[in-house]
Structure formats: C-alpha cells, structure tokens
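Okay, thanks for squeezing me in, everyone. I'd like to walk you through one structure today, so let me get it up on the screen.

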Amino acid sequence: MTIVKFPKKLPYPTVEGYTIRPGEAIVRTEMEAGPARQRRRYTQTPSKIAVKWIMNPEQFCLFEAWYKYQAKEGAEWFIISLLGGMGLICLLYTSPSPRDR
C-alpha cells in the first residue's frame, strides 16, 4: 500500500474550526434482562479531526488536483502534519465512513 503525502506547498489548516473528537472505544449491548454489557472495541481509539483551510486560488487548484489524482478523491490514505495536544504531529487520514456523514 502506497501512502500519499499531503503537498508541502499547501498551508496548514486554520486554528478556527479545528476540533478533535475522540472515537468511541466501548461497545454497549442491551440485554433482555439485567444490566447492559460493555466491552472494549479498540485498545487505541482513533480520533476524528475537523479542519478548515484558507487558500488562494492557486493553492486551491493544487489541492483539487492532488485530491483527485493522488488521494484518489479520498480513497487513498494520506499523511498530513497537524497540531495535536503535543505540538505538530503526523497523521494518517482516511475519508469518512458512510456512518460518520
């Protein structure tokens, strides 16, 4: 599997609108009788990060071309550096699953 890199010529996302939402680590099953059962789904939960960019027309053109041809319109994973709780971190991005939309 080839991992695509986010173009270095494009700006970092803005701080405005930047949110980190931890994923659900627990699966809960309601029982017919008695208390619900819970179990861990993951040992390390993935977080979802919402970002916004401000780009000029040239940067946006580069982004659209990269997204279409390199990231295969969101089908390919890619690496991007984003601000995290411990400074600049490198993340793998996947397009949202249908249930996240």
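**A walk along the chain**

So, I'm starting with threonine 14: leaving aside residues up to four places away in sequence, Thr14 touches Lys52, Trp53 and Ile54. Before I go on, please keep in mind that this is a predicted model. Threonine 14 sits in the loop between E1 and E2. Its C-alpha is 5.8 Å from the C-alpha of lysine 52, although those two are 38 residues apart along the chain.

Let me zoom out for a second. The protein chain has 1 helix and 7 strands, and if you read along the sequence you get β-β-β-β-β-α-β-β. Now take the contacts between residues at least 6 apart in sequence: 57% of them join residues at least 24 apart. The threonine 14 and lysine 52 pair, at 38 residues apart, is the kind of thing I have in mind there.

Here's another one. Threonine 19 is in strand E2, and with the same sort of neighbours left out, up to four places away in sequence, threonine 19 touches Lys48, Ile49 and Ala50. From threonine 19 to alanine 50 the C-alpha atoms are separated by 5.2 Å, with those positions 31 residues apart in the numbering of the chain. Is threonine 19 buried, exposed or partly exposed? Its relative accessibility is 42%, so threonine 19 counts as partly exposed.

Moving along to arginine 39, which is in strand E4, residues 37-40. Arginine 39 touches Ala25, Ile26, Val27 and Thr29, again not counting residues up to four places away in sequence. The C-alpha atoms of arginine 39 and valine 27 are 5.5 Å apart, and the two residues are 12 apart along the chain.

**The core and the helix**

Now for the inside. Which residues make up the largest nonpolar core? There are 9 of them: Val4, Phe6, Leu10, Phe63, Trp66, Ala71, Phe78, Ile80 and Leu82. The elements giving two or more residues to this core are helix H1, 57-70, and strand E6, 78-84. E6 gives the most, with 3 residues. As background, nonpolar side chains tend to be buried together in soluble globular proteins. Across the protein chain as a whole, 14% of the 101 residues are buried.

The helix itself is easy to follow. H1 has 14 residues and spans 19 Å from its first C-alpha to its last, close to the 20 Å expected at 1.5 Å a residue. At its start, a side-chain oxygen of asparagine 56 comes to within 3.0 Å of the backbone nitrogen of glutamate 58. Just after H1 you come to lysine 72, with a positive phi of about 50°. That's a positive value in a residue other than glycine. Lysine 72 lies in the loop between H1 and E6, and it counts as partly exposed because its relative accessibility is 45%, which falls between the 20% and 50% cut-offs.

**Out at the surface**

What about the outside? The protein chain exposes about 8400 Å², and carbon and sulfur atoms supply 56% of that.

Lysine 8 is a nice one to look at here. Lysine 8 lies in the loop between strand E1, 4-5, and strand E2, 19-22. Why does lysine 8 count as exposed? Because its relative accessibility is 84%, and the cut-off for exposed is over 50%. Now compare positions: lysine 8 and isoleucine 80 are 72 residues apart in sequence, yet 9.2 Å apart in space, C-alpha to C-alpha. Isoleucine 80 is one of the core residues I listed a moment ago.

And how many salt bridges are there? The count comes to 1. Arginine 28 forms a salt bridge with glutamate 30, and the closest N and O atoms are 3.1 Å apart. Glutamate 30 is exposed, because its relative accessible area is 57%.

That's my tour. Happy to spin the model around if anyone wants another look.

Terms used
Residues are numbered from 1 along each chain as its sequence is written. This is a predicted model: local features need pLDDT of at least 70, side-chain atom pairs count only at pLDDT 80 or more; totals for chains, interfaces and linings use all residues. Side-chain values use heavy atoms; hydrogens and water are left out. A nonpolar core is a set of buried Ala, Val, Leu, Ile, Met, Phe, Trp, Tyr and Cys residues joined through side-chain atoms within 4.5 Å. Buried means under 20% relative accessible area, exposed over 50%, partly exposed in between (1.4 Å probe, protein chains only). Helices (H or I, at least four residues) and strands (E, at least two) are DSSP runs, numbered from the N terminus. Contact means heavy atoms within 4.5 Å. Accessible areas come from the Shrake-Rupley method with a 1.4 Å probe; for residues, only the protein chains shown count as cover. A salt bridge is a side-chain nitrogen of Lys or Arg within 4 Å of a carboxyl oxygen of Asp or Glu. The expected span of a helix is 1.5 Å times one less than its number of residues. A polar contact is a pair of N or O atoms within 3.5 Å; within protein, one must be able to donate a hydrogen and the other to accept it, and residues adjacent in sequence count only if both atoms are side-chain atoms.
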